[in-house]
Amino acid sequence: MEKEGGKPAAVVAVVTEPRFTQRCREYLEKEKLLDRQHRVEKMPDGTVALPVLGDALPEQHLRELRGRVAPGGTCALTQLLDPVPSRTAQGCSPAQRLCLAVSRWAEGRGVTWSAELEADLPRSWQRHGNLLLLSENCFQAKQWKHLEPELWGVVASALGVQRLAKRGRVSPDGTRTPAVTLLLGDDGWVEHVDNGIRYTFDMTQCMFSFGNITEKLRVASLPCAGQVLVDLYAGIGYFTLPFLVHAGAAFVHACEWNPHAVVALKRNLEINGVAGRCQIHFGDNRELNLSSIADRVNLGLIPSSEEGWPIACRVLRKDAGGILHIHQNVESFPGRNLQPSGHSEMGKEDWPCPQQIISNQRENGATGDSRRKVLSAAIKPEWHRWAESAETRIVTLLQQVHGKPWKTHILHIQPVKSYAPHVDHIVLDLECRPCPLVG
């Protein structure tokens with residue numbers, strides 16, 4: 001029951017005089033209000049603090065304590081900022097602590113505890129500082145509705161946080177708004193640090209994928225010094241920031257149409273000290289008023305970024321070309337024709353994918369017209385077939401957009417993560433160069 005950084009979360013406690021401690025304890029135990037996860041503490045003024053469940057004590061119980069249990073004595077509420085875990089709590093897993101706290105508290109409110117309710121408790125969660133994100137498949141039984149909102153204070157106290165949220169599925173609204181409901185707390189703003197980069201965002205309005213960390217690390221290592229990039233799906237800065245902070249990009253044009261993500265992106269550019277090297281283009285990137293400016297274009301949208309391919313071709317430098325980083329979910333069902341998996345569900349957690357390198361022998365930033373490709377044993381045939389089909393489509397678009405022949409070259413195919421045994425998120429690094437004029 002600790003906050004991020006190892007500090008214990010504050011808990012609410014009833015403070016009374018030593019002579020009333022046992023009577024107050026018995027009352028709180030009888031009413032299933034006593035927090036057995038923390039020790040009773042002696043205060044500097046000689047009074048005794050008894051931890052209670054939840055983030056507050058109902059007024060009727062406080063009146064009962066003052067009027068009948070401890071008449072004429074001190075009986076008030078306080079917060080223990082550094083509560084000491086009890087011996088019982090020290091030997092329990094977080095899930096066991098949660099079950100013990102919630103079951104005792106629920107029984108104190110007349111709920112008959114059952115195996116069904118116990119099975120409906122969460123077994124895992126995501127921790128975001130002092131906010132805990134619960135999965136969508138917990139607290140679904142009807143009995144919980146009658147215990148809200150006080151229930152969430154008990155859950156938060158048992159798990160050592162101040163805020164709670166529960167997720168649903170990502171909304172198919174184009175802006176990929178997460179269906180996250182804040183259960184306890186004033187807001188959903190959290191902060192994460194990846195590879196020395198600070199990301200802050202409102203998790204009820206913006207997505208954050210832990211599974212993309214390998215790609216963010218790879219992007220950070222690319223040789224982008226002096227280059228101009230266009231990030232067509234910037235979000236809160238997942239890839240914009242690594243390009244700027246670590247890869248040394250001279251400037252990034254970041255496109256995003258989710259207004260909540262734009263607010264977070266502005267904050268993240270500021271707190272990472274790179275706001276002066278980025279311009280945010282708010283709105284539909286199909287209306288982007290840029291052309292022939294980019295050395296690289298990042299197309300970090302899944303399940304498919306294909307709608308952005310014409311824009312990517314347009315913003316590439318027509319004199320020198322550049323590199324496209326194209327994200328795609330690719331299906332690999334045996335015996336099935338290759339189809340981009342734009343219709344695939346995203347219900348699975350981000351599962352790590354083996355980090356094999358799949359590329360040709362040249363450096364990522366290299367130039368040249370060699371068509372030699374090295375097919376690693378780790379690459380799936382469907383990935384390679386999709387990459388070749390994307391390459392064919394891109395070279396056609398480049399010629400249409402710029403009015404002259406172009407040559408393309410598959411530099412690298414990078415696995416990012418898997419959503420299912422046969423659906424993989426991959427990134428294609430495609431080098432695109434204008435053909436020299438003859439004559």
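**Exercise 1.** Is Asp187 buried, partly exposed or exposed, and at what relative accessibility? Identify the salt-bridge partner of Asp187 and state which parts of the chain the pair connects.

*Solution.* The model is predicted.
- Step 1. The relative accessibility of Asp187 is 34%. Partly exposed covers the range between under 20% and over 50%, so Asp187 counts as partly exposed.
- Step 2. The side chain of Asp187 forms a salt bridge with that of Arg163, at 3.1 Å from N to O.
- Step 3. Asp187 is located in the loop between β8 (178-184) and β9 (189-194), whereas Arg163 belongs to strand β7 (residues 163-170); the pair therefore ties together parts 24 residues apart in sequence.
- Step 4. Arg163 has a relative accessible area of 12% and is buried.

**Exercise 2.** Determine which elements are linked by the salt bridge of Lys216 and Asp194, and classify both residues by burial.

*Solution.*
- Step 1. The N to O distance in the salt bridge between the side chains of Lys216 and Asp194 is 3.0 Å.
- Step 2. Because Lys216 lies in helix α7 (residues 213-220) and Asp194 in strand β9, the bridge ties together parts that are 22 residues apart in sequence.
- Step 3. Both Lys216 and Asp194 are buried.

**Exercise 3.** Analyse the salt bridge between Glu307 and Arg286, then place it among the salt bridges of the whole structure.

*Solution.*
- Step 1. The closest N and O atoms of Glu307 and Arg286 are 3.2 Å apart.
- Step 2. Glu307 is found in the loop between β14 (296-299) and α10 (309-315), and Arg286 in the loop between β13 (278-282) and β14, so this pair joins parts 21 residues apart in sequence.
- Step 3. Glu307 counts as exposed at 58% relative accessibility, while Arg286, at 45%, counts as partly exposed.
- Step 4. Elsewhere, Arg25, Glu29 and Arg36 are joined into one network by salt bridges that share partners.
- Step 5. A search of the whole structure gives 17 salt bridges.

**Exercise 4.** Describe the packing of helices α4 and α6 by angle, axis distance, handedness and residue class.

*Solution.*
- Step 1. Two packed helices are characterised by the angle and the distance between their axes.
- Step 2. For α4 (residues 94-107) and α6 (residues 150-159), the angle is about 145 degrees and the axes are 9 Å apart.
- Step 3. Their crossing is right-handed.
- Step 4. On the α4 side, the contact residues are Pro94, Arg97, Leu98, Ala101, Val102 and Trp105; α6 contributes Glu150, Leu151, Val154, Val155, Ala158 and Leu159.
- Step 5. By class, this contact holds ten nonpolar, no polar and two charged residues.

Notes: Residues are numbered from 1 along each chain as its sequence is written. This is a predicted model: local features need pLDDT of at least 70, side-chain atom pairs count only at pLDDT 80 or more; totals for chains, interfaces and linings use all residues. Side-chain values use heavy atoms; hydrogens and water are left out. A salt bridge is a side-chain nitrogen of Lys or Arg within 4 Å of a carboxyl oxygen of Asp or Glu. Helices (H or I, at least four residues) and strands (E, at least two) are DSSP runs, numbered from the N terminus. Buried means under 20% relative accessible area, exposed over 50%, partly exposed in between (1.4 Å probe, protein chains only). Axes are lines fitted to C-alpha atoms, for helices over the stretch in contact, and angles run from 0 to 180 degrees between N-to-C directions. A crossing is left-handed if the near helix is turned anticlockwise from the far one by less than a right angle, and right-handed if clockwise. Contact means heavy atoms within 4.5 Å. Ala, Val, Leu, Ile, Met, Phe, Trp, Tyr, Cys and Pro count as nonpolar, Asp, Glu, Lys and Arg as charged, and the others, Gly among them, as polar.
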